Amino acid sequence: MNHSREEIANLIKDLEGKILVTTHKNPDGDAIGSSLGWHNFLKRLGKNVKIIYKDRVPFFFDFLPGIEEINVKEEITEEFDWVIITDVSELKRTGFEDIPAKKSIVIDHHITAEPFADYSIVEPEISSTCELSYEIMKLINPALIEYPVALPIYTGIVTDTGKFGYNNTSPTTHKIAAELIEKGIDPYVVTKNIFERNRIQKFKLLELVLKTLDFSIGNKVAHITLFKKFLEESGAYPEESEGFINYPRSIIGVEVAVFFKEIDENYWKVSLRSKGNVNVAEVAKRMGGGGHKMASGFETRGSLEEIKNKLFKELELAIESAEFERMDRLP
Ligand code: 5GP
Ligand code: MN
């Protein structure tokens, strides 16, 4: 059941015992910003809190206060009274098979969410889990949103809105950003650390990946591929491919961009990005994943050829129905 912001705020305010905060595997800015923001906030609330992830934190988040307190573990063995899971509503996406906590709370903004938690708040319209977290923290105690809480929250909003450029950016998003800047956040600290620290290896990887650029469905779909061997060839980290998918999406005439990433032999992570007309959340859902209308993804086993065949059929249907919808809307 989905709870209100007030209900979640009251619940968190009165939490007792050992609290764990976690998020999804391969954590991005919103995942790290929201979970670390909550960790730092709960400490200020006087709670006993730990933060554990399945996967390590990409180096460009190392400027965030409290980042050194994040534990990376294959599995969680310690028992907790509560777990707060941010930016994800499926247990499987945390990367953990089991989280030994008596009660769970999910704070998220994904439309395909089927929350498994005891208490959850999922707001698909909001820009980011960080924006939602900020609103809930404000209800608990705005004075506790100090710099170490504000910086991760601001960071997650910046990354999940594509620097306030995607259509999930609302007037409230900007108002919250303004409040965070008033609290002492320097936007350039975030920009400099996340976007101005590229390693040359990243560009070597980009070169290899862009060479795979190909088109399908009448050039409406552009796709790129990262074979595992490219990581060895370039010396890049997997997380340095973040943002590559924006290149194929930006091409004139392209409606959907696809990024195939080889995790292991016959095991692929696929990202989808739409220019706005095609709902890629639906497509990802049918492929076993989920996400937002304009950004979604899934993981799957099989050969690249098999995955492409299945996915392109789904995309063709999604593009056709999007075109029908647009024709309906014409005067
Ligand atoms: P990315 O392509 O950057 O990994 O993910 C973009 C968005 O797609 C994420 O914010 C998330 O909502 C969704 N997403 C990506 N991979 C998966 C997946 O394996 N399962 C689900 N349910 N959603 C995913
Ligand atoms: Mn998010």
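These questions and answers walk through a predicted model, from its ligand site to its rings and loops.

User: Which element gives the most residues to the shell around ligand 1?
Analyst: Three elements give two or more residues to that shell: strand 10 (267-274), strand 11 (290-291) and strand 12 (295-301). With five residues, the top contributor is strand 12.

User: Which residues come nearest to ligand 1?
Analyst: There are 15 residues around ligand 1. Glutamate 90 puts a polar side-chain atom 2.8 Å from a ligand nitrogen. Arginine 273 does so at 2.8 Å from a ligand oxygen. The nearest set is Glu90, His110, Lys269, Ser271 and Arg273.

User: How far is the polar backbone atom of glycine 297 from an oxygen atom of ligand 1?
Analyst: This contact uses the backbone of glycine 297. The cut-off for a polar contact is 3.5 Å. The separation is 3.3 Å.

User: What share of the accessible area of ligand 1 does the protein cover?
Analyst: On its own, ligand 1 has 490 Å² of accessible area. The protein covers part of that area, and the share is 86%.

User: How is the aromatic pair of phenylalanine 60 and phenylalanine 61 classed: stacked, edge-to-face or tilted?
Analyst: A pair of aromatic rings is described by centre distance and plane angle. Here the centres lie 5.1 Å apart and the planes meet at 50°. Stacked needs under 30 degrees and edge-to-face needs over 60, so the remaining class applies. The pair is tilted.

User: Is phenylalanine 61 buried or exposed?
Analyst: Buried means under 20% relative accessible area. Phenylalanine 60, its ring partner, has 13% and is buried. Phenylalanine 61 has 3%, so the class is buried.

User: Which residues form one aromatic cluster with Phe60?
Analyst: The model has ten aromatic pairs in total. Phe60 pairs with Phe61. The cluster around Phe60 also takes in Phe59, Phe61 and Tyr237.

User: Which arginine lies over the face of tyrosine 237?
Analyst: Tyrosine 237 belongs to the cluster with Phe59, Phe60 and Phe61. A charge lies over the tyrosine 237 face, 3.9 Å from the ring centre. The residue is arginine 199.

User: How far from the ring centre of tyrosine 267 does arginine 301 lie?
Analyst: Arginine 301 lies over the face of tyrosine 267. The distance limit for a charge over a ring is 6 Å. The value here is 4.0 Å.

User: What is the angle between the planes of phenylalanine 260 and phenylalanine 312?
Analyst: The ring centres are 6.4 Å apart. The pair is edge-to-face, a class that needs over 60 degrees. The angle is 75°.

User: How many residues apart in sequence are the parts that the pair of phenylalanine 260 and phenylalanine 312 ties together?
Analyst: Phenylalanine 260 is buried at 0% relative accessible area. Phenylalanine 312 is buried at 15%. One lies in strand 9 (residues 256-264) and the other in helix 12 (residues 304-329), so the pair ties together parts whose sequence separation is 52 residues.

User: What does the UniProt record list for residues 231-315?
Analyst: The span is 32% helix and 31% strand. Its end C-alpha atoms lie 28 Å apart. The record, an unreviewed entry, gives "domain: DHHA1".

User: Where does isoleucine 217 lie?
Analyst: Isoleucine 217 has a positive phi near 50° without being a glycine. Its relative accessible area is 21%, so it is partly exposed. Asparagine 219 also has a positive phi, about 65°, and lies between strand 7 and strand 8. The place of isoleucine 217 is the loop between strand 7 (214-216) and strand 8 (221-226).

User: What separates the C-alpha atoms of proline 152 and isoleucine 185?
Analyst: Proline 152 lies in helix 5 (residues 147-160). It counts as buried because its relative accessibility is 0%. Isoleucine 185 is 33 residues away along the chain, and the C-alpha separation is 9.9 Å.

User: How far apart in space are leucine 231 and leucine 205?
Analyst: Leucine 231 is found in helix 9 (residues 228-234). At 18% relative accessibility, leucine 231 counts as buried. The two leucines are 26 residues apart in sequence, and their C-alpha distance is 6.8 Å.

Key: Residues numbered from 1 in each chain as written. Chains lettered and ligands numbered in written order. Predicted model: local features only at pLDDT ≥ 70, side-chain atom pairs only at ≥ 80, totals over all residues. Heavy atoms only, no water. UniProt positions renumbered as here; feature names shortened; annotations may be inferred. Helix = DSSP H or I, 4+ residues; strand = E, 2+ residues; numbered from the N terminus. Phe/Tyr/Trp six-rings, centres within 6.5 Å; stacked < 30°, edge-to-face > 60°. Buried < 20%, exposed > 50% of the residue type's maximum accessible area, 1.4 Å probe, protein only. Lys NZ or Arg CZ within 6 Å of the ring centre and 35° of its normal. Near = heavy atom within 4 Å. Polar contact = N/O pair within 3.5 Å; in protein donor to acceptor, adjacent residues only side chain to side chain. Areas by Shrake-Rupley, 256 points an atom, 1.4 Å probe, with all protein chains shown as cover.
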